[in-house]
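Please open the model in your viewer and keep the sequence panel visible. The tour below proposes one selection after another and states what is to be found at each.

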Amino acid sequence: MSEHVLKIREEIVRRIEAHGEETYPHECCGALLGRDGEGSREVLDLLPLPNRRDDSPRNRFELTPDDVRLAEKTARAKHLDLLGWYHSHPDAPARPSEFDREHAWPWYSYIIVSVRQGEPRDMTSWRLRDDRSAYDSESIETAAAVSSPEALRV
Amino acid sequence: MPVKVIIPTPLRGYAGKQESVDVQASTVGEALTSLTTRYEELKKHLYADDGRLRSFVNVYVNDEDIRYLQKDQTRLKEGDTVSIVPSIAGGASRAEK
């Protein structure tokens, strides 16, 4: 069983869902920015990015190395860490696919939101195991308010 | 010659928690071999089972993608920086609907 917990404010959950609704029936994607501490990880901001897969955007997404470098730069400018990535699964479960697993690294958090008929449904988060054999689910802990005054300045 | 390899955040745990590692190498291939010999755990996250770099793993010398240079035969000079940058890809499996 996973011990990973990802804290995320409700407002940011809504922004991910809204992005998935907006791009439906195509997949949306973006970067998760926040802070990673010993046993505690919190998403404090997002960087929505364009899905570069125009050949199969209903069931694939891709971000280029330049997108990744932009996300790293944006995180640094905000004094945050690039914690991972989010994407939507239009009309499919919020479960990582084999394709997701093959294209992942450990440590990153991967949030998936299922969007059915244009409506956001389940949201899950995952981390790849060290040996790449499978994903472990990461519990999403949603808070209505920001966790610290420091986070307000982000 | 001495060159610096920048380790991306997700892989630092497999490289002694370092942001960068100094290696002696005259090509990109040598630099990556030296890195993954020293930190063997990195290998499976950079290379597929066939020994080739994973499709989403991109390598830059300074700011140039090695795919547009001489790939792993790209020559390095003293002080060059080799960066490993992933592309991020994924998506739903149609069969899982």
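The expected span of a helix is 1.5 Å times one less than its number of residues. The model to which this rule is now applied is a predicted one.

**First selection: helix α2 of chain A.** Select residues 65-77 of chain A, a helix of 13 residues. From the first C-alpha to the last, α2(A) reaches 18 Å, close to the 18 Å expected. Which of its residues are buried? They are P65(A), D67(A), V68(A), A71(A), T74(A) and A75(A). After the helix comes H79(A), which has a positive phi, near 55°.

**Second selection: helix α1 of chain A.** Proceed to residues 10-23, where α1(A) has 14 residues. These should span 20 Å, and the end C-alpha atoms are indeed 20 Å apart, so expectation and model agree. Buried here are I12(A), V13(A), I16(A), E17(A), H19(A) and G20(A). Viewed down the axis of α1(A), the buried residues fall within an arc of 155°, and therefore line one face of the helix.

**Third selection: the strands of chain A.** Seven strands form a closed barrel in the order β1-β3-β2-β5-β6-β7-β8, with mixed pairing. From one strand to the next, the twist averages 35°. Strands of a sheet pair through backbone hydrogen bonds, either parallel or antiparallel. To see a parallel pair, display β1 (residues 5-9) and β8 (residues 135-143) of chain A, which are joined by five bridges. Within this pair, R9(A) has A143(A) as its bridge partner. Now restore α2(A) to the view: it lies across β2, β3 and β5 of chain A, at about 130° to β5(A).

**Fourth selection: W85 of chain A.** The largest nonpolar core has 51 residues, and W85(A) and W105(A) touch the most other members. Beyond its neighbours within four places in sequence, W85(A) is in contact with residues including L32(A), V68(A), A71(A) and Y110(A), and with I88(B). A separate core of 15 residues includes I8(A), I12(A), C28(A) and V113(A).

**Fifth selection: the sheet of chain B.** Here five strands make an open sheet in the order β2-β1-β5-β3-β4, with mixed pairing. Which strands are at the edges? They are β2 (20-24) and β4 (64-65) of chain B, each pairing on one side only. Five bridges connect β3 (residues 57-61) and β5 (residues 81-86) of chain B in the antiparallel sense. V61(B) stands opposite V82(B) in β5(B). Finally, return to α2(A), which lies across β3 and β5 of chain B and runs at about 100° to β5(B).

Methods: Residues numbered from 1 in each chain as written. Chains lettered and ligands numbered in written order. Predicted model: local features only at pLDDT ≥ 70, side-chain atom pairs only at ≥ 80, totals over all residues. Heavy atoms only, no water. Helix = DSSP H or I, 4+ residues; strand = E, 2+ residues; numbered from the N terminus. Buried < 20%, exposed > 50% of the residue type's maximum accessible area, 1.4 Å probe, protein only. Arc of directions from axis to C-beta. Pairing = 2+ DSSP bridges. Axes fitted to C-alpha atoms, helices over the stretch in contact; angles between N-to-C directions. Contact = heavy atoms within 4.5 Å. Core = buried A, V, L, I, M, F, W, Y, C linked by side-chain atoms within 4.5 Å.
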